[in-house]
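Welcome to this guided tour! Open your viewer, keep the selection tool at hand, and follow along stop by stop.

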Amino acid sequence: MSDQLSNAQPQFLTVGEGEAAREIAMLVRPAQAGNGAPALVWLSGYRSDMSGTKAVELDGLAAELGLACIRLDYSGHGLSGGSFGDGTISRWLEEALAVIRHVAPDQIILVGSSMGGWIALRLAQELVRQGGPKLAGPKLAGMVLIAPAPDFTSDLIEPNLKAKERKSLAERGYFEERSQYSPEPNIYTRALIEDGRENRVLDGIIETGCPVHILQGMKDPDVPHAHAMKLVEHLPADDVVLTFIRDGDHRLSRPGDIALLLSAVKGIIRSSTNRQMPA
């Protein structure tokens, strides 16, 4: 399997026009001939990319099962062009939607980690909103959300801003925060925070129209497990499974965590296949 994974070459898609144009890198694994199961779509978290442990493991599962798998780097991340400082939820959502429409699978299962969970939920809304005859997008067959962080800018960052961070936002347009995962600090811009308010999903009922499996660590220092419970309350119409991992952190990248992730994805694949079977 390692040879199959390492030989993949990124493709690039131009998203946006004029000064807003940026080259978005994507790794697309085609499905084996005759395999009609949904394509897996990986959506990374903030400052993460498509070469992370969970993304590679998901691609490995796709290789094993003969499924299509789509991974992308948001602008300012990984191999993609564009400036990280220009990034907003709307911008990264536009890129994810453009890549999915470009590859054009019939059905998809969205697998989103942290901020990628927010983008997955917004994608579900956009696919419904834009799904007219001309823009008929893929059918959303299911979602697996890992430590999802919908509305993190307004729910988790803004209420906890210190005076010096507010001052930095007002004067410089951004503030920095030490990262547990990188020597480089996290940078949060005023544009990201303001745009986050426009992309809120926890302000009403979210209708994805598909089964959703949420994996959440109870020792997550970044997204409290109460946030996952709040998300479930906003998904009243969907078949939702919430799995708490008692000693789980935010990344959920340990071998046991990965096993839970792949099991959740397989469960969604099975349920999507069963729904297609005649009664």
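**Stop 1: strand S2.** Select residues 22–29, which make up strand S2. This strand is mostly covered, with six of its eight residues buried. Keep in mind as you look around that this is a predicted model.

**Stop 2: a partner for S2.** Now add residues 11–15, strand S1. S1 and S2 run antiparallel and are joined by five bridges. Which residue of S2 is the bridge partner of Leu13? Click on Ile24 to see it. Next, look at how the two strands connect: they form a hairpin, with six residues between them. Pick out Gly16 in the turn, where phi is positive, at about 85 degrees.

**Stop 3: another partner for S2.** Leave S2 selected and add strand S4, residues 69–72. This pair is antiparallel too, and four bridges hold S2 and S4 together. For a landmark, find Met26, which stands opposite Leu72 in S4.

**Stop 4: an arginine in a helix.** Move on to helix H4, residues 115–129, and highlight Arg122 within it. Is Arg122 buried or exposed? Arg122 counts as buried because its relative accessible area is 11%, under the 20% cut-off. Which residues does Arg122 touch, leaving aside those up to four places away in sequence? Show Leu93, Asn199 and Val201 to see these contacts.

**Stop 5: a patch on the surface.** Switch on the surface and select Met218, Met229 and Phe244. Together they form a nonpolar patch with about 240 Å² of accessible area. Zoom in on Met218, in the loop that lies between strand S9 (212–217) and helix H8 (225–233). Met218 has a relative accessible area of 31%, so it is partly exposed.

**Stop 6: how confident is the model?** Finally, color the chain by pLDDT. The average is 92, and 94% of the residues score at least 70. Then select residues 1–6, where pLDDT stays under 50. For this stretch the model has eight contacts beyond four places in sequence. Where pLDDT is low, the predicted coordinates should not be read in detail.

Key:
Residues are numbered from 1 along each chain as its sequence is written. This is a predicted model: local features need pLDDT of at least 70, side-chain atom pairs count only at pLDDT 80 or more; totals for chains, interfaces and linings use all residues. Side-chain values use heavy atoms; hydrogens and water are left out. pLDDT is the predictor's confidence in each residue, from 0 to 100. Contact means heavy atoms within 4.5 Å. Patches are made of residues with over 30% relative accessible area and no salt bridge: like charges are joined within 9 Å, nonpolar side chains (Val, Leu, Ile, Met, Phe, Trp, Tyr) within 5 Å. Accessible areas come from the Shrake-Rupley method with a 1.4 Å probe; for residues, only the protein chains shown count as cover. A salt bridge is a side-chain nitrogen of Lys or Arg within 4 Å of a carboxyl oxygen of Asp or Glu. Buried means under 20% relative accessible area, exposed over 50%, partly exposed in between (1.4 Å probe, protein chains only). Two strands pair if DSSP finds at least two bridges between them.
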